[in-house]
Amino acid sequence: MNIEKSKELFERAVKVIPGGVNSPVRAFAPVGGQPRFITKAKGSCLYDEDGNEYIDYIGSWGPMIIGHNDERVLAAVQEQIMNGLSYGAVTAVEVEMAELITEIVPCIEMVRMVNSGTEAVMSAIRVARGFTKRNKIVKFEGCYHGHADALLVKAGSGLMTAGTPGSAGVPEGCVKDTLTATYNDLESVEQLFKENPDEIACVIVEPVAANMGVVTPKEGFLQGLRDMCTKNGTLLIFDEVITGFRLKLDGASGYFGITPDLVTYGKIIGGGMPVGAYGGRREVMETVAPIGNVYQAGTLSGNPVAMRAGITQLQILRDNPDIYDRLEKNGEFFRAQLREILVKHNLPYKVNGIGSLTCLYFAEDEVVDYKSAQKSDTAAYADYFRFMIDRGNYLGPSQFEACFLSDAHTEAQIKKTLADIEEYFG
Ligand code: KE4
């Protein structure tokens, strides 16, 4: 595969951008090989500067659930752009977006728009602390909630990939109130509540952990968190930056039937534009400035162009429920076929997943949490990744990222990818 232009661009990039990337996971560091400089995307495909076509299994890390460059989203953005890009004043589209989200997700009575998942989580944590007047927070090892200081503790995604549980530059004071528990282990959470009575403001969880690969909640895990939080006057925060509007239209809260106190969003609600949001119970959200004393602000929050993109994508998802049936069907088909290939070649590897989220772990034991995920053979994954991308399958460049299906993926494309996987293990 000719990737000369990508190589040239990367040589320039590394001189002026840290690692040549604006987000670490794009650097291909854990998998080696040359990052591909994408020049355009359409449907389920990416095209790089050298003219190579890839079936896209990251979908911009989640936003592109209906596929890239959907004409309806494009038309809405083009129409808004003609009226200006940003005003810094209130707009009707912001009201429409808030009404749409509160219409779709029953547990969201009020919502505030921000510009990224990180901002959404950072703000939700502050609201939880302001509302409960407590400082401590609980997160789970291997879950990733963006790069706000307090959350860079035993985090997943790029931190797990780099093998560094935390980050330099985060003072001890910023993380002293961050407690970590084990995903799928309610006892580890109970222990923290026992050790910190009446001090825990919130428990934040990825209802499906999609930043240590894909780890689904064991039966009773989420309900157990809900009950513990209710009993202790602690807020339960579902970080649905990935699962929101993906597992189902009303996300994981709808899929699992659990009502969190706050939910954070990103990715899909922006339709590919920079958007995050946090929302939840009215009495909790009414602590947010300017009506409450929890401050949060943003120059481009609720940006009209981003709102039009996000609203259009959410309306398409709302008005076409069969999209979720197709995502579920294609996801199950992909995982079943993958497991068949592994059995056929007598390979012990594990396939986790739910709906349109899948992860092939180069691991011999079931992956149910951070520790079991860490046992994966990341070198073997890297070799697999390099083989697959050179055959036009753009998978996540890390063992600890999810593989995302969109509604634009065809059965033929999925079968093509499976054939390449068969060839790799063959
Ligand atoms: P952003 O700040 O990247 O928009 O969102 C942070 C975030 C928060 N919560 C969850 C559950 C997330 O998955 C993320 C970001 N996801 C990663 C993909 N694993 C973003 C990719 C990247 O860092 O480039």
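1. The lining of the second largest pocket is made up, by class, of 15 nonpolar, 9 polar and 2 charged residues. The model is a predicted one, and the points below should be read as a description of that model.

2. The space in this second largest pocket comes to about 660 Å³. Its lining counts 26 residues, and those closest to the pocket centre are V90, E94, V111, R112 and M113. Two elements, helix 3 (92–104) and strand 4, each give two or more residues to the lining. Strand 4 supplies the largest share, with 4 residues.

3. Strand 4 also belongs to an open sheet. The sheet has 7 strands in the order 4-10-9-8-7-5-6, with mixed pairing. Its edge strands are strand 4 (110–114) and strand 6 (178–181), each of which pairs on one side only. From one strand to the next, the twist averages 20°.

4. Within the sheet, strand 5 and strand 7 (residues 200–205) run parallel and are joined by 3 bridges. At the level of residues, I137 has C202 of strand 7 as its bridge partner. Helix 7 (residues 186–195) lies across strand 5, strand 6 and strand 7, and runs at about 150° to strand 6.

5. Where does D149 sit? D149 is in the loop that lies between strand 5 (136–140) and helix 5 (158–161). Its relative accessible area is 34%; D149 is therefore classed as partly exposed, because that value falls between the 20% limit for buried and the 50% limit for exposed. Once neighbours within four places in sequence are left aside, the contacts of D149 are V170, P171, C174 and V175. P207 is 58 residues from D149 along the chain, and the C-alpha atoms of the two are separated by 21 Å.

6. V14 can be described in the same terms. This residue is placed in helix 1 (residues 4–16). V14 has 42% relative accessibility and so counts as partly exposed, since buried would require under 20% and exposed over 50%. Which residues does V14 contact, leaving aside its neighbours within four places in sequence? They are G19 and G20. Between V14 and A27, which are 13 residues apart along the chain, the C-alpha separation is 10.0 Å.

Key
Residues numbered from 1 in each chain as written. Predicted model: local features only at pLDDT ≥ 70, side-chain atom pairs only at ≥ 80, totals over all residues. Heavy atoms only, no water. Buried < 20%, exposed > 50% of the residue type's maximum accessible area, 1.4 Å probe, protein only. Contact = heavy atoms within 4.5 Å. Pairing = 2+ DSSP bridges. Axes fitted to C-alpha atoms, helices over the stretch in contact; angles between N-to-C directions. 1 Å grid on protein atoms, 1.4 Å probe; cavity = no way out; pocket = protein on both sides within 12 Å on 5 of 7 lines; lining within 4 Å. Points joined across faces, edges and corners; volume = space filled by probe spheres on them. Nonpolar A, V, L, I, M, F, W, Y, C, P; charged D, E, K, R; others polar.
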